[in-house]
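Let's take a walk through this model, one piece at a time. Have the viewer open and follow along.

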Amino acid sequence: PNPFMAVAMDMADFNSPHGAIHYRYKQEVAERLMKGALNVHYGHSDVQFQGPFPSTFTQHDGNDRITVVFDSGHAHLDIRNNNGFEVCCDGHGPSCDPTHNLLAAPITAHGQSDVTL
């Protein structure tokens, strides 16, 4: 009745003999599953198992850079590489067509709870 899951797509293992998608270091995945079980199944609401979630963003330099703050500045980000973000460059309102208008946006700077793209 209380399902949860652990996502590991941010843990690519590019040197794995089985391909990058087959992450060899299962302890990190197990820790995520354990936190989900403690929170969802056993009712430990103090155990955080989701996120981080973007809370605000600021545009800089004539909209050429964006700073995204996660969890209202309370996140502890673990930046392992500068790739992985995409931004919508539609320019036609609040909606975005993800099949045509997403551009890679590498991290140019980061803090404990924010990234600048």
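Start with strands β1 (residues 54–60) and β2 (residues 65–70), which run antiparallel and are joined by six bridges. Strands here are DSSP E runs of at least two residues, helices are H or I runs of at least four, both numbered from the N terminus, and two strands pair if DSSP finds at least two bridges between them. Before going further, note that this is a predicted model, where local features need pLDDT of at least 70, side-chain atom pairs count only at pLDDT 80 or more, and totals for chains, interfaces and linings use all residues. Residues are numbered from 1 along each chain as its sequence is written, and side-chain values use heavy atoms, with hydrogens and water left out.

Across the pair, Phe57 sits opposite Val68 of β2. The hairpin has four residues between its strands, and Asp61 takes a positive phi near 50 degrees there. Also in β1 is Gln59, which counts as partly exposed because its relative accessibility is 46% (buried is under 20%, exposed over 50%, partly exposed in between; 1.4 Å probe, protein chains only). Leaving out residues up to four places away in sequence, Gln59 touches Arg65 and Ile66, where contact means heavy atoms within 4.5 Å.

Now for helix α1 (residues 26–41), home of Gly36. Gly36 counts as buried because its relative accessibility is 0%. Phe4 is 32 residues from Gly36 in sequence, yet their C-alpha atoms are 6.2 Å apart. Not counting neighbours within four places in sequence, Gly36 contacts Phe4, His41 and Phe49.
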